Amino acid sequence: MGLFRTFFCVSLIALAVHLVRAQSVVAVSETAQVAQRQVAVTIDDVPGEAIRESQRCDAAAYRTQNIKMLEALRRNKVPATGFVVEGGRCVPRRAVVPEILKMWLDAGVELGNHTYSHPDLNTMTVAAYEADIVRGESALGKALAERGKKIKYFRYPMLHTGKNVATKKAIEDFLTSRGYTNAPITIDDQDFVFAEAYAKALDRGDRSTADAIAKSYIEYMDTVFDFFERWSVEVTGREIRQVLLLHDSPLNADHFDELVSMMKKRGYSFITLDEALADPAYKLSDNYTGPTGLSWLHRWALAKGMTLKQEPREPANITRLARGN
Ligand SMILES: [Zn+2]
């Protein structure tokens, strides 16, 4: 009995030592892996435009969607920056904006300006675009002022930064004069197309198609990350701190957990936009002028005389579902 007990105790100690070793190995390898890649999550079009067609004028639906999105960020401990579009086609959407901005700020999420009405710089005058930027500071500026803060970041709608040098320079100077920092993105994707297809499926009550779209979305985003990780090495010689572009949509609100788990599998930890932009890569030249909205990795590649590569697009069936045919 004594012998058995001694043997049992020794075994237990051996097992405990083994477990502690195994745990520390896991902890070390996880730490090493997590430290490898970093990404800042940015969420455009707050309080959401790709909301279901049947709910586009429903204040309660915007409220519910944004509560879900913020809960997903909190649950996954992901810092994020939202970019606000205060205007919109419906009075209820415009009316609910101050309340939703308060929700985001209460949740500790940073907010930047994404213009008032999401205009296209390619199709308007500099003066009209500037006026839309200023109009977009109304509820946002007030919500931030109540917390002793000011608007810091601006995100160009559709990433259109000017078709020619004069326009690009005029808007850049205007942003600087109002104290803005441009918020570039490096990981560009078609989440809004998946979001449109997903919202349409939900509107039809077609849950199985909505689930299939969500699954396809996560697989697609995995390929997008793969592309920009490799492209980052080609363009800058290393994997930089990335900035991800997402949109405030039912798709992202409902499936953010899966997106986070895909990113974690790829070795990502989550950082703020400030932390991402501290990477010296963001000081590289962006001389691009033209009609296309491009990832800043593409802009830096062009400045270095490189030939661009096309990032992954959504599968054809998702395009069809988004169009409603
Ligand atoms: Zn946008």
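Q: What do the buried residues of α3 pack against?
A: In this predicted model, the buried residues of α3 pack against β1 (37-46), α2 (59-75), β2 (80-84), β3 (110-113) and α5 (138-145). The residues concerned are Arg93, Val96, Val97, Ile100, Leu101 and Trp104.

Q: What makes the reach of helix α3 close to the expected one?
A: Helix α3 covers residues 91-106, which is 16 residues. From its first C-alpha to its last it reaches 24 Å, and the value expected at 1.5 Å a residue is 22 Å.

Q: Where does α3 bend, and which proline follows?
A: The bend is at Val97 and amounts to about 40°. The angle is taken between axes fitted to the seven residues ending at a residue and the seven starting there. Pro98 follows within four residues. After α3 comes Gly108, which has a positive phi near 80°.

Q: Why is Ala95 called exposed?
A: Ala95 has 12 other C-beta atoms within 10 Å. A residue counts as exposed at 12 or fewer, so Ala95 is exposed. Ala95 belongs to helix α3. Its C-alpha atom is separated by 7.8 Å from that of Ala59, although the two residues are 36 apart along the chain.

Q: Why are α3 and α5 called oblique to each other?
A: These two helices pack at an angle of about 40°. Angles under 35 degrees count as roughly parallel, and 65 to 115 as roughly perpendicular. The angle of about 40° fits neither class, and α3 and α5 are therefore oblique. Their axes are 10 Å apart, and the crossing is right-handed.

Q: Which residues in α3 meet which residues in α5?
A: On the α3 side they are Val97, Pro98, Leu101, Lys102 and Leu105. On the α5 side they are Ala139, Leu140 and Ala143.

Q: Why are α4 and α6 called roughly parallel to each other?
A: The axes of helix α4 (residues 126-135) and helix α6 (residues 165-177) cross at roughly 30°. Angles under 35 degrees count as roughly parallel, and this description therefore applies to α4 and α6. The axes come within 11 Å, and the crossing is right-handed. Val126, Tyr129 and Glu130 in α4 meet Thr167, Ala170, Ile171 and Phe174 in α6.

Q: What makes α7 and α12 oblique to each other?
A: Helix α7 (residues 191-203) and helix α12 (residues 316-323) pack at an angle of about 55°. With roughly parallel set at under 35 degrees and roughly perpendicular at 65 to 115, α7 and α12 are therefore oblique. Their axes are 7 Å apart, and α7 passes α12 in a left-handed crossing. The contact involves Val193, Phe194, Glu196, Ala197, Lys200 and Ala201 of α7, and Ile318, Thr319, Leu321 and Ala322 of α12.

Q: What is the peptide bond from Val46 to Pro47, cis or trans?
A: Omega for the bond from Val46 to Pro47 is near 10°, and the bond is cis. Most peptide bonds are trans. Pro47 is in the loop between β1 and α2.

Q: Why does Lys77 count as exposed?
A: Lys77 has 9 C-beta neighbours inside 10 Å. The limit for an exposed residue is 12 or fewer, so Lys77 falls in that class. Lys77 is not a glycine, yet has a positive phi of about 55°. Most residues other than glycine have a negative phi. Lys77 is placed in the loop between α2 and β2.

Q: Why is Thr115 called buried?
A: Thr115 has 25 other C-beta atoms within 10 Å. Burial requires 20 or more, so Thr115 is buried. Thr115 lies in the loop between β3 and α4. Its phi is positive, about 75°, although Thr115 is not a glycine.

Q: What makes Asp286 partly exposed?
A: Asp286 has 18 other C-beta atoms within 10 Å. Exposed residues have 12 or fewer and buried ones 20 or more, so Asp286 is partly exposed. Asp286 is in the loop between α10 (273-277) and α11 (296-303). Leaving aside residues up to four places away in sequence, Asp286 touches Trp296, Arg299, Trp300 and Ala303. The C-alpha atoms of Asp286 and Lys304 are separated by 9.7 Å.

Q: How many helices and strands are in the chain?
A: The chain has 12 helices and seven strands. Of its 325 residues, 40% count as buried. Among contacts between residues at least 6 apart in sequence, 81% join residues at least 24 apart.

Key: Residues numbered from 1 in each chain as written. Predicted model: local features only at pLDDT ≥ 70, side-chain atom pairs only at ≥ 80, totals over all residues. Expected span 1.5 Å × (residues − 1). Contact = placed C-beta atoms within 7 Å. Axes fitted to C-alpha atoms, helices over the stretch in contact; angles between N-to-C directions. Parallel < 35°, antiparallel > 145°, perpendicular 65-115°, else oblique. Left-handed = near helix turned anticlockwise from the far one by under 90°.
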